[in-house]
Amino acid sequence: MKHILSITIVTFLLFTLASCSSYKVSKISDIEDIDSNIRDNIAIDVSKLSISEDVVIQKYKGLIKEQLTDKNKRHVIRRYGDLLIDKGERLVVSENANSYQAGKEMIGDSINTYKIYIQQFPSDTTNDYIYYQIARGYELIERPDIAYQYLTYLTNNYKNSDYYQEAQFRRGEFLFVKHQFVKSGYAYQSILSEKYQNSKLYDKTLYKYAWVNFKLERYSNTVNLFTRLLDKYYTSNMISDYEITDKADKGNIASIKDILRATSLSFSYMGGSENIKEYTQGKAYTPLLYDSLARMYQSKKRYYDAINTYNKFINSNKNSRHAYKFHQSIITLYKTAGMADSIVPEKVKFINNF
(Lines give C-alpha, C1' and ligand atoms only; values in the text may rest on other atoms or scores of the structure.)
Protein backbone atom coordinates (compact mmCIF):
# COMPACT_ATOMS: atom_id res chain seq x y z
CA MET A 1 0.00 0.00 0.00
CA LYS A 2 1.35 3.40 -0.89
CA HIS A 3 1.69 5.87 1.91
CA ILE A 4 0.58 9.33 0.89
CA LEU A 5 1.17 12.78 2.30
CA SER A 6 -0.75 15.79 1.11
CA ILE A 7 1.36 18.05 -1.08
CA THR A 8 0.76 20.95 1.25
CA ILE A 9 2.43 19.36 4.26
CA VAL A 10 5.11 17.62 2.20
CA THR A 11 6.09 20.89 0.55
CA PHE A 12 6.31 22.52 3.92
CA LEU A 13 8.37 19.68 5.40
CA LEU A 14 10.81 19.63 2.52
CA PHE A 15 11.25 23.39 2.68
CA THR A 16 11.88 23.30 6.42
CA LEU A 17 14.25 20.33 6.35
CA ALA A 18 16.29 21.88 3.56
CA SER A 19 16.50 25.34 5.06
CA CYS A 20 17.34 24.72 8.69
CA SER A 21 19.14 22.21 10.86
CA SER A 22 16.53 22.24 13.65
CA TYR A 23 12.89 21.60 12.71
CA LYS A 24 10.75 24.68 13.40
CA VAL A 25 7.00 25.07 13.18
CA SER A 26 6.69 28.82 13.34
CA LYS A 27 5.64 28.95 9.70
CA ILE A 28 3.01 26.26 9.77
CA SER A 29 0.33 28.91 9.51
CA ASP A 30 1.61 29.47 6.00
CA ILE A 31 -0.12 26.21 5.09
CA GLU A 32 -3.48 27.94 5.25
CA ASP A 33 -2.46 30.32 2.48
CA ILE A 34 -1.03 27.50 0.37
CA ASP A 35 -4.13 25.33 0.92
CA SER A 36 -6.38 27.92 -0.68
CA ASN A 37 -4.37 27.79 -3.91
CA ILE A 38 -3.81 24.05 -4.26
CA ARG A 39 -6.42 21.62 -5.51
CA ASP A 40 -7.60 19.19 -2.82
CA ASN A 41 -6.26 15.64 -2.80
CA ILE A 42 -3.13 16.30 -4.89
CA ALA A 43 -0.65 13.86 -3.39
CA ILE A 44 2.96 12.70 -3.48
CA ASP A 45 4.24 9.17 -2.87
CA VAL A 46 6.39 9.27 0.26
CA SER A 47 8.64 6.52 -1.14
CA LYS A 48 9.79 8.94 -3.86
CA LEU A 49 10.79 11.72 -1.48
CA SER A 50 14.37 12.54 -0.54
CA ILE A 51 13.47 12.08 3.11
CA SER A 52 12.50 8.78 4.67
CA GLU A 53 9.00 7.84 5.73
CA ASP A 54 10.20 7.42 9.31
CA VAL A 55 11.54 10.98 9.34
CA VAL A 56 8.21 12.31 8.09
CA ILE A 57 6.35 10.33 10.78
CA GLN A 58 8.59 11.76 13.48
CA LYS A 59 8.11 15.29 12.17
CA TYR A 60 4.34 14.91 12.34
CA LYS A 61 4.67 13.51 15.85
CA GLY A 62 6.60 16.63 16.80
CA LEU A 63 4.05 18.91 15.16
CA ILE A 64 1.24 17.50 17.33
CA LYS A 65 2.91 18.98 20.42
CA GLU A 66 3.07 22.47 18.94
CA GLN A 67 0.58 25.30 19.26
CA LEU A 68 -1.40 25.04 16.04
CA THR A 69 -4.61 26.46 14.66
CA ASP A 70 -7.56 24.07 14.84
CA LYS A 71 -7.45 23.60 11.08
CA ASN A 72 -3.79 22.62 11.07
CA LYS A 73 -4.10 20.52 14.20
CA ARG A 74 -6.87 18.51 12.57
CA HIS A 75 -4.72 17.94 9.53
CA VAL A 76 -1.60 16.99 11.49
CA ILE A 77 -3.31 14.54 13.88
CA ARG A 78 -5.20 12.79 11.10
CA ARG A 79 -2.17 12.56 8.86
CA TYR A 80 -0.02 11.22 11.68
CA GLY A 81 -2.61 8.53 12.41
CA ASP A 82 -2.83 7.66 8.71
CA LEU A 83 0.93 7.33 8.35
CA LEU A 84 1.14 5.05 11.39
CA ILE A 85 -1.68 2.75 10.37
CA ASP A 86 -0.49 2.48 6.78
CA LYS A 87 3.05 1.53 7.74
CA GLY A 88 1.77 -0.67 10.56
CA GLU A 89 -0.43 -2.59 8.15
CA ARG A 90 2.53 -3.23 5.88
CA LEU A 91 4.54 -4.56 8.82
CA VAL A 92 1.88 -6.86 10.29
CA VAL A 93 1.51 -8.76 7.04
CA SER A 94 5.22 -9.48 7.10
CA GLU A 95 6.38 -13.00 7.93
CA ASN A 96 9.02 -11.54 10.19
CA ALA A 97 7.99 -11.81 13.87
CA ASN A 98 9.79 -8.60 14.87
CA SER A 99 8.17 -6.65 12.05
CA TYR A 100 4.78 -8.05 13.02
CA GLN A 101 5.17 -6.89 16.61
CA ALA A 102 6.45 -3.47 15.55
CA GLY A 103 3.49 -3.15 13.18
CA LYS A 104 0.99 -3.99 15.93
CA GLU A 105 2.52 -1.35 18.20
CA MET A 106 2.43 1.21 15.41
CA ILE A 107 -1.23 0.44 14.70
CA GLY A 108 -1.96 0.72 18.42
CA ASP A 109 -0.37 4.18 18.37
CA SER A 110 -2.49 5.12 15.34
CA ILE A 111 -5.67 4.03 17.15
CA ASN A 112 -4.74 6.17 20.16
CA THR A 113 -4.01 9.09 17.83
CA TYR A 114 -7.43 8.81 16.20
CA LYS A 115 -9.07 8.63 19.63
CA ILE A 116 -7.28 11.85 20.61
CA TYR A 117 -8.71 13.43 17.48
CA ILE A 118 -12.26 12.41 18.49
CA GLN A 119 -11.72 13.77 22.01
CA GLN A 120 -10.48 17.10 20.73
CA PHE A 121 -12.92 17.43 17.83
CA PRO A 122 -16.03 15.44 18.82
CA SER A 123 -18.32 17.40 16.51
CA ASP A 124 -16.14 17.25 13.40
CA THR A 125 -18.32 16.40 10.42
CA THR A 126 -15.64 14.07 9.04
CA ASN A 127 -15.37 11.87 12.12
CA ASP A 128 -16.93 9.01 10.18
CA TYR A 129 -13.50 8.61 8.59
CA ILE A 130 -11.87 8.49 12.03
CA TYR A 131 -14.24 5.78 13.27
CA TYR A 132 -13.63 3.85 10.05
CA GLN A 133 -9.87 4.02 10.57
CA ILE A 134 -10.12 2.95 14.22
CA ALA A 135 -12.18 -0.06 13.18
CA ARG A 136 -9.64 -0.85 10.49
CA GLY A 137 -6.86 -0.67 13.07
CA TYR A 138 -8.60 -3.06 15.47
CA GLU A 139 -9.15 -5.53 12.65
CA LEU A 140 -5.47 -5.38 11.76
CA ILE A 141 -4.45 -6.22 15.33
CA GLU A 142 -6.99 -9.04 15.39
CA ARG A 143 -9.65 -7.46 17.60
CA PRO A 144 -12.69 -7.79 15.34
CA ASP A 145 -15.05 -7.53 18.32
CA ILE A 146 -13.91 -3.98 19.08
CA ALA A 147 -13.77 -3.13 15.36
CA TYR A 148 -17.42 -4.20 15.14
CA GLN A 149 -18.38 -1.75 17.90
CA TYR A 150 -16.82 1.19 16.03
CA LEU A 151 -18.36 0.09 12.73
CA THR A 152 -21.75 -0.08 14.43
CA TYR A 153 -21.31 3.41 15.85
CA LEU A 154 -20.39 4.66 12.37
CA THR A 155 -23.41 3.07 10.67
CA ASN A 156 -25.79 4.28 13.39
CA ASN A 157 -24.61 7.88 13.33
CA TYR A 158 -23.32 8.52 9.79
CA LYS A 159 -25.88 6.97 7.45
CA ASN A 160 -24.80 9.19 4.56
CA SER A 161 -21.12 8.48 5.03
CA ASP A 162 -18.94 7.37 2.14
CA TYR A 163 -17.84 4.56 4.46
CA TYR A 164 -21.37 3.38 5.30
CA GLN A 165 -21.52 0.63 2.69
CA GLU A 166 -18.19 -0.92 3.55
CA ALA A 167 -18.86 -0.59 7.28
CA GLN A 168 -22.18 -2.42 6.95
CA PHE A 169 -20.59 -5.11 4.82
CA ARG A 170 -17.86 -5.67 7.39
CA ARG A 171 -20.48 -5.79 10.15
CA GLY A 172 -22.33 -8.40 8.12
CA GLU A 173 -19.14 -10.44 7.76
CA PHE A 174 -18.45 -10.30 11.50
CA LEU A 175 -21.98 -11.41 12.37
CA PHE A 176 -21.99 -14.12 9.70
CA VAL A 177 -18.85 -15.69 11.17
CA LYS A 178 -20.54 -15.57 14.58
CA HIS A 179 -23.54 -17.43 13.06
CA GLN A 180 -25.79 -14.49 13.90
CA PHE A 181 -27.46 -14.83 10.53
CA VAL A 182 -30.55 -12.69 11.12
CA LYS A 183 -28.49 -9.69 12.25
CA SER A 184 -25.97 -10.36 9.51
CA GLY A 185 -28.81 -10.31 7.00
CA TYR A 186 -29.97 -6.90 8.22
CA ALA A 187 -26.46 -5.50 7.71
CA TYR A 188 -26.18 -6.87 4.16
CA GLN A 189 -29.73 -5.92 3.23
CA SER A 190 -29.17 -2.31 4.26
CA ILE A 191 -26.70 -1.85 1.38
CA LEU A 192 -28.63 -3.65 -1.35
CA SER A 193 -30.58 -0.54 -2.28
CA GLU A 194 -30.47 1.14 -5.66
CA LYS A 195 -28.06 3.70 -4.22
CA TYR A 196 -25.26 1.12 -4.11
CA GLN A 197 -26.21 -0.90 -7.18
CA ASN A 198 -23.19 0.16 -9.23
CA SER A 199 -20.65 -0.17 -6.44
CA LYS A 200 -17.90 -2.79 -6.35
CA LEU A 201 -19.31 -4.29 -3.16
CA TYR A 202 -22.86 -4.74 -4.41
CA ASP A 203 -22.53 -8.17 -6.03
CA LYS A 204 -20.44 -9.47 -3.15
CA THR A 205 -23.10 -8.28 -0.72
CA LEU A 206 -25.84 -9.93 -2.79
CA TYR A 207 -23.84 -13.16 -2.73
CA LYS A 208 -23.42 -13.09 1.05
CA TYR A 209 -27.04 -12.12 1.63
CA ALA A 210 -28.10 -15.12 -0.46
CA TRP A 211 -25.98 -17.35 1.78
CA VAL A 212 -27.60 -15.79 4.85
CA ASN A 213 -31.00 -16.81 3.47
CA PHE A 214 -29.69 -20.30 2.80
CA LYS A 215 -28.43 -20.60 6.38
CA LEU A 216 -31.86 -19.45 7.59
CA GLU A 217 -33.48 -22.11 5.38
CA ARG A 218 -35.25 -19.49 3.28
CA TYR A 219 -34.65 -21.46 0.12
CA SER A 220 -37.02 -19.59 -2.16
CA ASN A 221 -35.26 -16.31 -1.34
CA THR A 222 -31.91 -18.04 -1.77
CA VAL A 223 -32.72 -19.12 -5.32
CA ASN A 224 -34.12 -15.70 -6.26
CA LEU A 225 -31.01 -13.92 -4.98
CA PHE A 226 -28.53 -16.32 -6.55
CA THR A 227 -30.28 -16.23 -9.93
CA ARG A 228 -29.89 -12.44 -9.89
CA LEU A 229 -26.16 -13.06 -9.81
CA LEU A 230 -26.36 -15.77 -12.48
CA ASP A 231 -28.19 -13.24 -14.67
CA LYS A 232 -25.13 -11.00 -14.41
CA TYR A 233 -22.72 -13.85 -15.09
CA TYR A 234 -24.73 -14.76 -18.18
CA THR A 235 -24.83 -11.17 -19.42
CA SER A 236 -21.06 -11.00 -18.93
CA ASN A 237 -20.64 -14.26 -20.92
CA MET A 238 -19.10 -16.03 -17.92
CA ILE A 239 -21.75 -18.73 -18.18
CA SER A 240 -23.54 -20.03 -21.24
CA ASP A 241 -26.88 -21.78 -21.28
CA TYR A 242 -25.16 -24.96 -20.09
CA GLU A 243 -21.68 -24.36 -18.67
CA ILE A 244 -19.10 -21.98 -17.24
CA THR A 245 -17.16 -20.33 -20.05
CA ASP A 246 -13.50 -19.37 -20.42
CA LYS A 247 -14.50 -15.75 -19.85
CA ALA A 248 -14.72 -16.50 -16.12
CA ASP A 249 -11.52 -16.16 -14.11
CA LYS A 250 -10.53 -18.36 -11.19
CA GLY A 251 -12.41 -16.28 -8.63
CA ASN A 252 -15.58 -16.11 -10.74
CA ILE A 253 -15.46 -19.86 -11.38
CA ALA A 254 -15.32 -20.56 -7.64
CA SER A 255 -18.27 -18.22 -7.00
CA ILE A 256 -20.37 -19.68 -9.82
CA LYS A 257 -19.75 -23.24 -8.60
CA ASP A 258 -20.78 -22.19 -5.08
CA ILE A 259 -23.94 -20.58 -6.43
CA LEU A 260 -24.85 -23.67 -8.44
CA ARG A 261 -24.24 -25.89 -5.41
CA ALA A 262 -26.41 -23.67 -3.19
CA THR A 263 -29.24 -23.40 -5.72
CA SER A 264 -29.17 -27.16 -6.28
CA LEU A 265 -29.38 -27.82 -2.56
CA SER A 266 -32.18 -25.26 -2.26
CA PHE A 267 -34.16 -26.90 -5.05
CA SER A 268 -33.58 -30.25 -3.39
CA TYR A 269 -34.86 -29.02 -0.03
CA MET A 270 -37.91 -27.48 -1.73
CA GLY A 271 -38.87 -30.78 -3.37
CA GLY A 272 -36.43 -31.23 -6.21
CA SER A 273 -36.78 -30.62 -9.93
CA GLU A 274 -40.53 -29.93 -9.57
CA ASN A 275 -39.63 -26.37 -8.57
CA ILE A 276 -36.97 -25.42 -11.10
CA LYS A 277 -39.38 -24.35 -13.85
CA GLU A 278 -41.03 -21.81 -11.54
CA TYR A 279 -37.73 -20.01 -10.94
CA THR A 280 -36.23 -20.25 -14.43
CA GLN A 281 -38.94 -18.82 -16.66
CA GLY A 282 -37.27 -16.98 -19.50
CA LYS A 283 -33.74 -17.65 -18.27
CA ALA A 284 -31.36 -18.83 -20.98
CA TYR A 285 -29.22 -20.78 -18.50
CA THR A 286 -32.11 -23.03 -17.41
CA PRO A 287 -30.30 -26.19 -18.70
CA LEU A 288 -27.35 -25.34 -16.45
CA LEU A 289 -29.58 -25.40 -13.35
CA TYR A 290 -31.21 -28.71 -14.29
CA ASP A 291 -27.85 -30.30 -15.02
CA SER A 292 -26.36 -28.96 -11.78
CA LEU A 293 -29.21 -30.43 -9.73
CA ALA A 294 -29.01 -33.78 -11.54
CA ARG A 295 -25.26 -33.98 -10.99
CA MET A 296 -25.69 -33.20 -7.31
CA TYR A 297 -28.21 -36.03 -6.99
CA GLN A 298 -25.83 -38.33 -8.85
CA SER A 299 -22.96 -37.45 -6.47
CA LYS A 300 -25.21 -38.53 -3.60
CA LYS A 301 -26.17 -41.73 -5.48
CA ARG A 302 -29.75 -40.56 -5.72
CA TYR A 303 -29.96 -41.86 -9.26
CA TYR A 304 -33.74 -41.88 -9.56
CA ASP A 305 -33.89 -38.19 -8.57
CA ALA A 306 -31.14 -37.38 -11.09
CA ILE A 307 -33.00 -39.23 -13.87
CA ASN A 308 -36.25 -37.51 -12.93
CA THR A 309 -34.53 -34.10 -13.09
CA TYR A 310 -33.28 -34.71 -16.61
CA ASN A 311 -36.70 -36.00 -17.64
CA LYS A 312 -38.37 -32.88 -16.26
CA PHE A 313 -36.23 -30.76 -18.54
CA ILE A 314 -36.76 -32.98 -21.58
CA ASN A 315 -40.54 -33.04 -21.16
CA SER A 316 -40.69 -29.23 -21.00
CA ASN A 317 -38.00 -28.51 -23.60
CA LYS A 318 -38.27 -31.22 -26.28
CA ASN A 319 -36.80 -28.98 -28.97
CA SER A 320 -33.79 -27.92 -26.91
CA ARG A 321 -30.41 -29.12 -28.10
CA HIS A 322 -29.76 -30.17 -24.50
CA ALA A 323 -32.66 -32.65 -24.50
CA TYR A 324 -30.54 -35.00 -26.63
CA LYS A 325 -27.58 -34.69 -24.28
CA PHE A 326 -29.68 -35.13 -21.14
CA HIS A 327 -31.33 -38.24 -22.58
CA GLN A 328 -27.89 -39.75 -23.08
CA SER A 329 -27.12 -38.90 -19.45
CA ILE A 330 -30.24 -40.77 -18.35
CA ILE A 331 -29.08 -43.95 -20.13
CA THR A 332 -25.66 -43.59 -18.46
CA LEU A 333 -27.33 -43.17 -15.08
CA TYR A 334 -29.35 -46.36 -15.54
CA LYS A 335 -26.09 -48.20 -16.24
CA THR A 336 -24.34 -46.64 -13.24
CA ALA A 337 -27.26 -47.48 -10.96
CA GLY A 338 -27.38 -51.07 -12.20
CA MET A 339 -30.95 -50.70 -13.50
CA ALA A 340 -30.41 -53.02 -16.47
CA ASP A 341 -34.11 -53.55 -17.13
CA SER A 342 -34.59 -49.84 -17.78
CA ILE A 343 -31.73 -49.39 -20.26
CA VAL A 344 -33.31 -50.97 -23.37
CA PRO A 345 -36.70 -49.20 -23.02
CA GLU A 346 -34.85 -45.92 -22.51
CA LYS A 347 -32.75 -46.50 -25.63
CA VAL A 348 -35.92 -47.17 -27.61
CA LYS A 349 -37.40 -43.95 -26.27
CA PHE A 350 -34.18 -42.13 -27.20
CA ILE A 351 -34.32 -43.45 -30.80
CA ASN A 352 -37.98 -42.50 -31.19
CA ASN A 353 -37.31 -38.98 -29.91
CA PHE A 354 -34.09 -38.24 -31.77
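**Note on salt bridges and one helix pair**

1. At 27% relative accessibility, Arg74 counts as partly exposed in this predicted model. Its salt-bridge partner is Asp124, with the closest N and O atoms 2.7 Å apart, and Asp124 is buried, having a relative accessible area of 10%. The two residues come from distant parts of the chain, 50 residues apart, since Arg74 belongs to helix 4 (residues 70–92) whereas Asp124 sits in the loop between helix 5 (97–120) and helix 6 (127–140).

2. A second pair, Arg170 and Glu166, forms a salt bridge at 3.6 Å, N to O, within helix 8 (residues 164–177), where the two residues are four apart, about one turn of the helix. Arg170 counts as buried at 11% relative accessibility, while Glu166, at 31%, counts as partly exposed.

3. Glu274 and Lys312 form a further salt bridge, with their closest N and O atoms 3.2 Å apart. Glu274 lies in the loop between helix 12 and helix 13 (276–279) and Lys312 in helix 15 (residues 303–316), so this pair ties together parts that are 38 residues apart in sequence. Glu274 is exposed, with a relative accessible area of 51%, and Lys312 is partly exposed at 26%.

4. The whole structure holds 16 salt bridges, and Asp86, Glu89 and Arg136 are linked in a network of such bridges.

5. The axes of helix 10 (residues 202–215) and helix 12 (residues 250–269) come within 11 Å and cross at roughly 25°, and the two helices are therefore roughly parallel to each other. Tyr207, Trp211 and Phe214 in helix 10 meet residues of helix 12 including Ile259, Ala262 and Leu265. The residues of this contact divide into seven nonpolar, two polar and two charged.

Note on methods. Residues are numbered from 1 along each chain as its sequence is written. This is a predicted model: local features need pLDDT of at least 70, side-chain atom pairs count only at pLDDT 80 or more; totals for chains, interfaces and linings use all residues. Side-chain values use heavy atoms; hydrogens and water are left out. Axes are lines fitted to C-alpha atoms, for helices over the stretch in contact, and angles run from 0 to 180 degrees between N-to-C directions. Angles under 35 degrees count as roughly parallel, over 145 as roughly antiparallel, 65 to 115 as roughly perpendicular and the rest as oblique. Contact means heavy atoms within 4.5 Å. Ala, Val, Leu, Ile, Met, Phe, Trp, Tyr, Cys and Pro count as nonpolar, Asp, Glu, Lys and Arg as charged, and the others, Gly among them, as polar. A salt bridge is a side-chain nitrogen of Lys or Arg within 4 Å of a carboxyl oxygen of Asp or Glu. Buried means under 20% relative accessible area, exposed over 50%, partly exposed in between (1.4 Å probe, protein chains only).
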